[in-house]
Amino acid sequence: MSNDIEIVRTVADLRQRLTAWRQDGLTVGLVPTMGALHDGHFSLVEQAVQSNDRTITSLFVNPKQFGSTEDLDVYPRDEATDVAALAARDVDLLFAPNVEEMYPDSAVTAITVPGIGDVLEGAFRPGFFTGVATVVAKLLIQSLPDRAYFGEKDYQQLCVIKRLTKDLDLPIDIAGCPIVREPDGLALSSRNAYLNAGERQAAPALHQTLVSSGDALAKGAAVAASVSAATAELLKAGFTKVDYIAVCDPASLEELEKVSGQARLLAAAWLGKTRLIDNIAIEI
Ligand code: AMP
């Protein structure tokens, strides 16, 4: 049984629905997405539905977070399938604005989160986190949910969003949700659709390498040696380029030269034209 889902495309309509819910004293959860939904997204949705009276999913492929050489034009889009899947999971409202609604008059204001937004992904994708932070800040302000849900799949993004929420005094609880993986360990991602058969076979090596590297660190291996070994392992497995493998403080994302206590091991690497990211928690 699926419930009815309402699709709204303007901020004004979104606010009207939210005002009514607030007047009825209902709590609201928001799950921002770029569509092409999979079980990773659905795990966020299910948590939101469980913990809130009403759940909104947003679907917006945000041009501001794509570089000029990136995949904006070919990014997978299938709104009808996404809507049916969200309705089946009891989502109440889909907010699916177009670019003009989200950025009227070519809006110029941007949110930048220096430091935590400049390293790792930020270093390899200049402007990416400004694009993410700007659109997420807008979505949060437009809907003012009680809680908003983000996946640890994009771990740095989660850290950036927690930071901006705190810095901008947004009264919203940011919930991080665990990574959903294929049985072979590959983290679910809309971009996995780009992988050809050979690349798909090689792809789980990213997670396997993180796990083996984490084990080596736990046994006392040095960070630099573990990172070099992991890089070599990925290239041997068929990855064509490694952007980074880094051991970081789990909150500040500062790179660590030595690990004691909790850390996050993060990586980005290419299989042909497809760039994959992944991360795991480690504790020593
Ligand atoms: P996206 O549509 O790629 O912008 O992702 C929307 C949200 O889903 C983000 O908060 C992602 O971190 C989250 N997400 C994407 N893939 C996964 C996954 N495999 N496991 C958990 N969360 C995910």
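**Salt bridges, helices and a crossover**

Let us start at Lys241, which is partly exposed, with a relative accessible area of 44%. Here, buried stands for under 20% relative accessible area, exposed for over 50%, and partly exposed for anything in between, using a 1.4 Å probe and protein chains only. The model is predicted, so local features need pLDDT of at least 70 and side-chain atom pairs count only at pLDDT 80 or more, while totals for chains, interfaces and linings use all residues. Residues are numbered from 1 along each chain as its sequence is written, and side-chain values use heavy atoms, with hydrogens and water left out.

What does the side chain of Lys241 meet in a salt bridge? The partner is Asp243, at 3.8 Å from N to O. A salt bridge is a side-chain nitrogen of Lys or Arg within 4 Å of a carboxyl oxygen of Asp or Glu. Asp243 is buried, at a relative accessible area of 12%. Asp243 also meets the side chain of Arg275 in a salt bridge, this time at 2.8 Å from N to O. That pair ties together distant parts of the chain: Arg275 sits in strand β9 (residues 274-283) and Asp243 in strand β7 (residues 241-248), 32 residues apart. The names come from DSSP runs, numbered from the N terminus: helices are H or I runs of at least four residues, and strands are E runs of at least two. Arg275 is buried too, with a relative accessible area of 14%. Through shared partners, salt bridges join Glu70, Glu121, Arg125, Lys241, Asp243 and Arg275 into one network.

Let us follow that network to another pair. Glu70 forms a salt bridge with Arg125, and their closest N and O atoms are 2.8 Å apart. Glu70 lies in the loop between β3 (54-59) and α3 (79-88), and Arg125 in the loop between α5 (121-124) and α6 (128-143), so this pair links distant parts of the chain, 55 residues apart. Is Arg125 buried or exposed? With 10% relative accessibility, Arg125 counts as buried, whereas Glu70 is partly exposed at 28%. Across the whole structure, a search finds 14 salt bridges.

Next, look at strands β5 (residues 147-151) and β6 (residues 173-177), which pair in the parallel sense over five bridges. Strands count as paired if DSSP finds at least two bridges between them. One of the bridge partners is easy to pick out: Ala148 is matched with Ile174 in β6. Between the two strands the chain passes through helix α7 (residues 155-167), and this β-α-β crossover is right-handed. To picture the term, let the strands point away from you: the path from the first strand over the helix to the second then runs clockwise.

Helix α7 itself is worth a visit. Its 13 residues should span 18 Å at 1.5 Å a residue, and its end C-alpha atoms are indeed 18 Å apart. The expected span is 1.5 Å times one less than the number of residues. The buried residues of α7 include Tyr155, Leu158, Ile161 and Leu164. Its buried residues pack against α5, α6, β5, β6, β8 and β9, where contact means heavy atoms within 4.5 Å. After α7 comes Asp169, with a positive phi near 55°.

Helix α10 (residues 223-236) has 14 residues and reaches 20 Å between its first and last C-alpha, close to the 20 Å expected. Where are the buried residues Val223, Ser226, Ala230 and Leu234? They cover an arc of only 70° around the axis, which puts them on the same side of α10; the arc is taken from the directions from the helix axis to the C-beta atoms. The face turned away from that buried side carries the exposed residues Ala224 and Lys236. The buried residues of α10 pack against α9 (205-218), β7 and β8 (262-271). Gly238 follows α10 and has a positive phi, near 115°.

Most residues other than glycine have a negative phi. Ala36, though not a glycine, has a positive phi of about 50°. Ala36 is in the loop between β2 (28-33) and α2 (39-51), and is buried at 17%. Asp105 also has a positive phi, of about 55°, but at 73% relative accessibility Asp105 counts as exposed. Asp105 lies in the loop between α4 (99-102) and α5.

Finally, find Thr57 in strand β3. Thr57 is buried, at 1% relative accessibility. Leaving aside residues up to four places away in sequence, Thr57 touches Val31, Thr33, Val45, Leu86, Val91, Leu93, Leu94 and Phe95.
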